Amino acid sequence: MWATRRGAPSNGLRCDEGAEGFSGARKVDIQHQKLTHGDRCPECGKGNVYGQKEPKVLVRMIGQAPLAATVYSLERLRCGACGQVFTAQEPEGVGPQKYDETAAAMIAQLKYGTGTPFYRLEQLEKQMGIPLPAATQWEIVEEAAQLIKPARDELIRQAAQGTVVHNDDTSMRVPRVKRDPSDQRTGVFTSGIVSVGPGWKIALYFTGGLHAGENIAEVLKRRRADLPGPIQMCDALSRNVPRLPERTEILLANCLAHGRRQFVEVADNFPRECRYVLEKLGQVYSHDAEARERGLTPDDRLRLHQDRSRPVMDKLHAWLEAQLAERRTEPNSGLGQAIMYLLRHWHPLTLFLRKAGAPLDNNLVERALKRAVLHRKNALFYRTLNGAQVGDLFMSLIHTCQLCGANSFACPTEWMPWNYRETLALTVNLRDPA
């Protein structure tokens with residue numbers, strides 16, 4: 001019905017626009033049915049035909065269930081005399097497990113990567129003739145989580161060595177939470193941590209009663225003692241700042257976007273004043289965008305901000321102080337509160353003017369937390385803390401892959417404990433044939 005609507009593409013539609021973007025598509029090379037390279041041209045009969053560098057490309061897409069099933073019917077033969085039964089051998093490559101690793105990867109990708117609840121996937125698969133109960137889906141991902149937990153543990157260890165760590169949290173619902181009788185807290189949170197190092201980014205998620213500052217403190221306990229303190233980017237809430245052991249230092253940076261947002265919220269009531277602040281901050285973000293476009297090193301980016309952004313921020317700071325000192329703005333008004341927020345946290349808000357590599361804002365981890373927010377919106381809650389920890393594990397792996405440009409669905413079967421040495425040796429040989 002849908003395929004016959006006005007404007008719907010026909011089955012014979014040629015589609016070669018953006019075909020290079022279909023990296024996951026099955027590729028089929030089709031040779032010419034009558035001609036080969038070097039044959040005489042059938043049109044003019046004088047020249048020879050030669051293969052072209054670029055073939056004509058057709059893209060054809062079909063609909064299919066996220067999880068497909070194959071039913072193998074193995075013929076059985078029984079001897080009429082002795083009763084022995086002979087069963088056909090299963091095809092090569094058919095493993096002993098009903099659900100292979102790709103099934104677990106797809107379910108986890110849908111549930112924790114795109115926010116599709118188990119019951120919705122159950123309904124979809126049922127319509128496609130593939131029974132896949134929600135309880136079975138949970139058993140599959142829980143079993144897979146136990147196998148890949150060491151990978152998540154290694155992510156935590158590596159994240160502790162980052163040069164910049166972002167953290168924040170969002171509320172989460174977990175109805176079945178057992179708390180210590182002495183624990184006065186009632187909330188449950190999902191903390192997001194994004195650690196940035198030379199050429200890599202790692203995303204981590206932690207759900208429970210701890211705040212983002214406490215979770216990042218646990219991560220930083222794994223930091224090597226010989227490394228300098230990292231830059232920590234967060235908003236100005238005290239619960240985001242970790243309590244670290246003595247002689248463990250961090251460089252605290254606060255999110256400039258949070259300060260900017262407060263002026264956006266009161267712009268209707270104070271248009272002239274807010275426009276001035278937003279224009280000044282816009283110049284700083286423009287300088288930072290230029291640094292990214294030019295591919296500047298952290299030191300060169302710092303010098304650019306010191307040359308161009310420092311005068312802007314100094315002028316803005318003087319203007320903010322004058323608003324209160326000269327009583328141009330009522331301190332208890334919305335504008336006054338926004339001004340006081342910037343002045344109170346000015347030092348960590350402007351770390352990017354003093355330290356190479358310091359970010360302007362905490363948007364990196366706020367985008368990461370959208371994955372947890374999507375889960376909360378679609379699935380409403382985690383039933384238990386164990387379920388939340390499974391979700392944290394898969395979200396950490398999936399979002400880390402996304403940050404690093406890797407395919408989170410691909411199953412690294414060649415990196416299992418029983419074969420990773422051979423894979424590693426092959427990789428080394430490919431890099432250095434000599």
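Over residues 1-17 the pLDDT stays under 50, and for this stretch the model has 15 contacts beyond four places in sequence. The structure is a predicted model, and for the protein as a whole the mean pLDDT is 89, with 91% of the residues reaching 70 or more. With that in mind, we can follow the chain from one end towards the other, pausing at single residues and at helices along the way.

The walk can begin with Y72, which lies in the segment before β1, the strand formed by residues 76-78. Is Y72 buried, exposed or partly exposed? Its relative accessibility is 45%, and because partly exposed residues are those between 20% and 50%, Y72 counts as partly exposed. Once neighbours within four places in sequence are set aside, Y72 is in contact with P91 and V94. L35 stands 37 residues away from Y72 along the chain, and the C-alpha atoms of Y72 and L35 are separated by 40 Å.

Further along comes helix α1, made of residues 101-113, and A104 has its place in this helix. A104 has a relative accessibility of 10%, and therefore it counts as buried, the limit for that word being under 20%. Which residues does A104 contact, if neighbours within four places in sequence are left aside? They are I140, V141 and A144. With P230, by contrast, A104 has a separation of 126 residues in sequence and of 36 Å in space, taken from C-alpha to C-alpha.

V141, one of the residues in contact with A104, leads on to a pair of helices, since V141 also takes part in the packing of α2 and α3. Helix α2 spans residues 118-127 and helix α3 spans residues 134-159, and the two pack at an angle of about 115° with their axes 8 Å apart. The crossing that α2 and α3 form is right-handed. On the side of α2 the contact is made by F118, Y119, L121 and E122, while on the side of α3 it is made by A134, Q137, W138 and V141. Sorted by kind, the residues of this contact comprise 6 nonpolar, 1 polar and 1 charged.

The next group of helices is arranged around α6, which runs from residue 271 to residue 294. With its 24 residues, α6 reaches 34 Å from its first C-alpha to its last, close to the 34 Å expected at 1.5 Å a residue. Which residues of α6 are buried? They are E273, C274, V277, K280, L281, V284, H287, D288 and A291, and what covers them includes α5 (256-265), α7 (298-325) and α8 (334-344). After α6 comes G295, whose phi is positive, near 65°.

One residue of α5 can be examined more closely, namely R260, which has its place in that helix. R260 has a relative accessible area of 35% and so is partly exposed. Leaving aside neighbours within four places in sequence, R260 is in contact with L278 and L281, and L281 is among the buried residues of α6. G282 is 22 residues from R260 in sequence, and the distance between the two in space is 9.5 Å, C-alpha to C-alpha.

Beyond α6, the loop between α7 and α8 holds R327. The phi of R327 is near 55°, a positive value in a residue other than glycine. At 77% relative accessibility R327 counts as exposed, because exposed means over 50%. On the other side of α8, in the loop between α8 and α9 (346-349), we find H345. H345 counts as buried, because its relative accessibility is 16%, and, not counting residues up to four places away in sequence, H345 touches A236 and N254.

The last part of the walk reaches L380, placed in the loop between α10 (363-379) and α11. For L380 the phi is near 75°, which is again a positive value in a residue other than glycine, and with a relative accessible area of 45% L380 is partly exposed. Helix α11 itself covers residues 385-403, and its 19 residues reach 26 Å from the first C-alpha to the last, close to the 27 Å expected at 1.5 Å a residue. Just after α11, G405 takes a positive phi of about 75°.

Definitions and conventions
Residues are numbered from 1 along each chain as its sequence is written. This is a predicted model: local features need pLDDT of at least 70, side-chain atom pairs count only at pLDDT 80 or more; totals for chains, interfaces and linings use all residues. Side-chain values use heavy atoms; hydrogens and water are left out. Axes are lines fitted to C-alpha atoms, for helices over the stretch in contact, and angles run from 0 to 180 degrees between N-to-C directions. Helices (H or I, at least four residues) and strands (E, at least two) are DSSP runs, numbered from the N terminus. A crossing is left-handed if the near helix is turned anticlockwise from the far one by less than a right angle, and right-handed if clockwise. Contact means heavy atoms within 4.5 Å. Ala, Val, Leu, Ile, Met, Phe, Trp, Tyr, Cys and Pro count as nonpolar, Asp, Glu, Lys and Arg as charged, and the others, Gly among them, as polar. The expected span of a helix is 1.5 Å times one less than its number of residues. Buried means under 20% relative accessible area, exposed over 50%, partly exposed in between (1.4 Å probe, protein chains only). pLDDT is the predictor's confidence in each residue, from 0 to 100.
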